[in-house]
2 protein chains.
Amino acid sequence: MSQKRQLLVDTALTLFYRNGINSIGINEILNVSGVAKRTLYAYFQSKEALVLAALQQRHDTFAAWLETVLTGAKSDEEVVLKLFSALESWFNGGESQLGDFRGCFFINTSAEFSDVNSDILRFCHHHKEATREIIARHLKSADGLLLDAICLMKEGAIVSAHLAGKNNLLRKGASTYCTLLQPKVPSKRWVSNT
Amino acid sequence: MSQKRQLLVDTALTLFYRNGINSIGINEILNVSGVAKRTLYAYFQSKEALVLAALQQRHDTFAAWLETVLTGAKSDEEVVLKLFSALESWFNGGESQLGDFRGCFFINTSAEFSDVNSDILRFCHHHKEATREIIARHLKSADGLLLDAICLMKEGAIVSAHLAGKNNLLRKGASTYCTLLQPKVPSKRWVSNT
DNA sequence: TGCGAGGTAGACAGAGTGGTCTACTTTTTT
DNA sequence: AAAAAAGTAGACCACTCTGTCTACCTCGCA
């Protein structure tokens, strides 16, 4: 069956996300999961193939989460509000589907690899585009600048929450800023009218 | 003399920034710089000490650059405008002091290490706080939310420009958005009045 | 002329890496 | 009950990693 395969991907994702991909060796994944090395190489051609499977799984999980977060928003303001309060909940460990927060797995991963044409980096780019499109689909207005601005602040919030650490004010301050700001200032005033 | 030491730090910083710290071994730094291994370990106790020296040098360079960028701004709006147009120039390779753009060295580094109490991660946090204070010093208003918002968008812009790659619209769109937005909407309206 | 500081070259140790392979056991299917 | 499929344990290979060590060289200075 593919139970073992799934166990490998789950374990790999957990360890990669927590520690970074280059810091985690195949043997550690095998020790933690309890799976034999032979089995791993029956399912995956190489470590890179396992990394790609972990990225894919994380993307699926994140996309599904984001979809449910944004579903039901009645206005663009509500989209922004829902998004940033969900992000804040994630930063504080309140989104069990996403696990303990340690930044964006794809940003982290792209910091570890330099070959821009590698499958791994291409997948990271793909994730960001796909995420952007999910948000776009939930917005009423087709304003590209609004979409850009939302994505920009989303990335900034994730990175800041990660790098600022737990005992830093920026974390709560910034995300509460996001939630506070939106309902007061209309998005059209806030962004477009070039 | 410390010529060799400086050469080692320069080489290490270049390679670390371009490829990630865990992807670059001591031997590669030695090959590229042409320095002997014995000499490296005469100046640095370990690879970690060399990493810290590279982080320190990058921080000094970046802080000096940011200082000159923000100097002379007459208003908070101008601070924001100067900051984001300088960032955009950096993304496009136009800031020779900072070298070729490959994201934020400190964000990238913090993705590779997981021990929050390590000297390396502590230095990355320190860099972000110091950067924040440089910006704060150049702002007229003491509005913490404005400062948070600027830092948030700054991180978002850096990360997006890095991850989106060269052929992605988000890069220019987002940064030009930053520059376009600011002079039209006053910052006080844009941020505070809780 | 000699000495010492600073540097070079590179062998080496010990641990760890991704990946292959043989031999064996367990589980599932027919 | 027998055969086929799936998995285990771990030795092993070739390589890389950080860090140590010996032996030698090349200057400036006295």
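A residue counts as buried when its relative accessible area is under 20%. In this predicted model, B:Phe91 has a relative accessibility of 5% and therefore counts as buried. B:Trp90 has a relative accessible area of 2%, so this residue is buried too.

Aromatic pairs number 18 over all chains of the structure. In one of them, the ring centres of B:Phe62 and B:Trp65 are 5.4 Å apart and the ring planes meet at 45°; because planes from 30 to 60 degrees apart are neither stacked nor edge-to-face, this pair is tilted. Both residues belong to helix 4 of chain B, which covers residues 47-70, and a separation of three residues places them about one turn of the helix apart. B:Phe62 and B:Trp65 are both buried. A further pair joins B:Trp90 and B:Phe91, whose ring centres are 6.0 Å apart; the planes stand at 35°, so this pair is tilted as well. In chain A, one aromatic cluster is formed by A:Phe62, A:Trp65, A:Trp90, A:Phe91 and A:Phe101.

Charged groups also sit over aromatic rings. In chain A, the ring of A:Tyr17 has the charged end of A:Arg58 over it, at 4.7 Å from the ring centre. In chain B, the charged end of B:Arg58 is placed over the ring of B:Tyr17, with 4.7 Å between this end and the ring centre.

The surroundings of DNA strand D involve residues of chains A and B. The strand is surrounded by 17 residues, and the closest are A:Thr39, B:Ile26, B:Asn27, B:Lys37 and B:Lys47. Of the atoms of DNA strand D that come within 4 Å of the protein, 56% belong to sugar and phosphate. By residue type, the surface near the strand consists of seven nonpolar, five polar and five charged residues. Three helices each supply at least two residues of this surface: helix 3 (37-43) of chain A, helix 2 (26-33) of chain B and helix 3 (37-43) of chain B.

Individual polar contacts involve both the phosphates and a base of DNA strand D. A:Thr39 places a polar side-chain atom 2.8 Å from a phosphate oxygen of the strand. For B:Ile26, a backbone N or O atom is found 2.7 Å from a phosphate oxygen of DNA strand D. B:Lys37 has an N or O atom of its side chain 2.6 Å from a base oxygen of the strand.

Key
Residues numbered from 1 in each chain as written. Chains lettered and ligands numbered in written order. Predicted model: local features only at pLDDT ≥ 70, side-chain atom pairs only at ≥ 80, totals over all residues. Heavy atoms only, no water. Near = heavy atom within 4 Å. Polar contact = N/O pair within 3.5 Å; in protein donor to acceptor, adjacent residues only side chain to side chain. Helix = DSSP H or I, 4+ residues; strand = E, 2+ residues; numbered from the N terminus. Nonpolar A, V, L, I, M, F, W, Y, C, P; charged D, E, K, R; others polar. Phe/Tyr/Trp six-rings, centres within 6.5 Å; stacked < 30°, edge-to-face > 60°. Buried < 20%, exposed > 50% of the residue type's maximum accessible area, 1.4 Å probe, protein only. Lys NZ or Arg CZ within 6 Å of the ring centre and 35° of its normal.
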